[in-house]
Amino acid sequence: MIGNDWDKVLSVIESSEGFKKFMDVVNHQYEINTIYPIKENIFNALKLTSYENTKVVIMGQDPYHGEGEAHGLSFSVQEGIKLPPSLKNIYQELESDLGIKPSKSGDLTKWAKEGVLLLNSTLTVVKDTPNSHKDLGWSLFTDYIIKTLNEKETPVVFILWGNFARSKKAFITKSHHLVIESAHPSPFSARNGFFGSRPFSRTNEFLKKNNIKEINWDLNN
């Protein structure tokens, strides 16, 4: 289904009757509604960042619900789409933290290829209807992904922005991982602890300390 080592890691889920029935429900949603992202991009985060290569997880809630925005990566929009407010604030913190100039593009694929798993808790959404699929059942699947990453012997950095993402901390029980948590980068909350939280430099300091190649956060080259 994914095409890399995630298929082995998630084989118990993927082969279960319950998951097959769930995917039938998801496919039916695509038949009766306009759903984002397009079906081919639902599992983009896992396709671009294998289990083995996952060094960092940035947890999101659900996909952007505007036309042409979502492409399966949390906080990321497709090339040519106007930057969402939260992503603008992420870029602002990146510049403050590491001196990296904001990218004009909101496509974070480069981060995914660097080993940053850009995972939403819910992987689909009805057009123009935020959180419309939050009760569909995706969280059982994505929570399992977090639990499998918690079992990784190699240290992983979990970046949890906002109360929803921070609720996933319950699944991160192994002490060799790093959890970085703060307010959400949304304009409604960014000044309550997101700005100045330095998640990017803290991530790289931790990776370096553990002899893991640091993330190149610069999207401009």
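How many salt bridges does the structure contain? In this predicted model, the count comes to 9 salt bridges, where a side-chain nitrogen of Lys or Arg must lie within 4 Å of a carboxyl oxygen of Asp or Glu. Side chains of opposite charge can pair when their charged atoms come close. Several of these pairs are described below, followed by a helix towards the end of the description.

One of the salt bridges joins Lys 20 to Glu 17, with the closest N and O atoms 3.8 Å apart. Both residues belong to helix H3, which spans residues 17-32. Because Lys 20 and Glu 17 are 3 residues apart in this helix, about one helical turn separates them. As for solvent exposure, Lys 20 has 41% relative accessibility and therefore counts as partly exposed. Glu 17, at 52% relative accessibility, counts as exposed, because the cut-off for that class is over 50%.

A second pair is formed by Lys 168 and Asp 143, whose side chains meet in a salt bridge with an N to O distance of 2.8 Å. This pair links distant parts of the chain, its two residues being 25 residues apart. Lys 168 is found in the loop between helix H8 (162-166) and strand E6 (178-182), whereas Asp 143 is part of helix H7, residues 138-150. Lys 168 and Asp 143 are both buried.

The loop between H8 and E6 also holds Lys 169. The side chain of Lys 169 forms a salt bridge with that of Glu 181, at 2.7 Å from N to O. Glu 181 lies in strand E6, so the pair ties together parts of the chain that are 12 residues apart in sequence. Lys 169 counts as partly exposed because its relative accessibility is 38%. Glu 181 is likewise partly exposed, with a relative accessible area of 27%.

Salt bridges can also share partners: Asp 97, Arg 198 and Glu 205 are joined in this way into one network. Glu 205 falls within the residue range of helix H9, residues 199-209.

Which residues of helix H9 are buried? They are Pro 199, Phe 200, Ser 201, Thr 203, Asn 204, Phe 206 and Leu 207. The elements that cover these buried residues include three strands, namely E2 (56-60), E5 (157-161) and E6. Helices H5 (85-98) and H6 (109-114) are also among the covering elements. Strand E6 thus appears both in the cover over H9 and as the location of Glu 181. Just after H9, Asn 211 takes a positive phi of about 55°.

How values were computed
Residues numbered from 1 in each chain as written. Predicted model: local features only at pLDDT ≥ 70, side-chain atom pairs only at ≥ 80, totals over all residues. Heavy atoms only, no water. Helix = DSSP H or I, 4+ residues; strand = E, 2+ residues; numbered from the N terminus. Buried < 20%, exposed > 50% of the residue type's maximum accessible area, 1.4 Å probe, protein only. Contact = heavy atoms within 4.5 Å.
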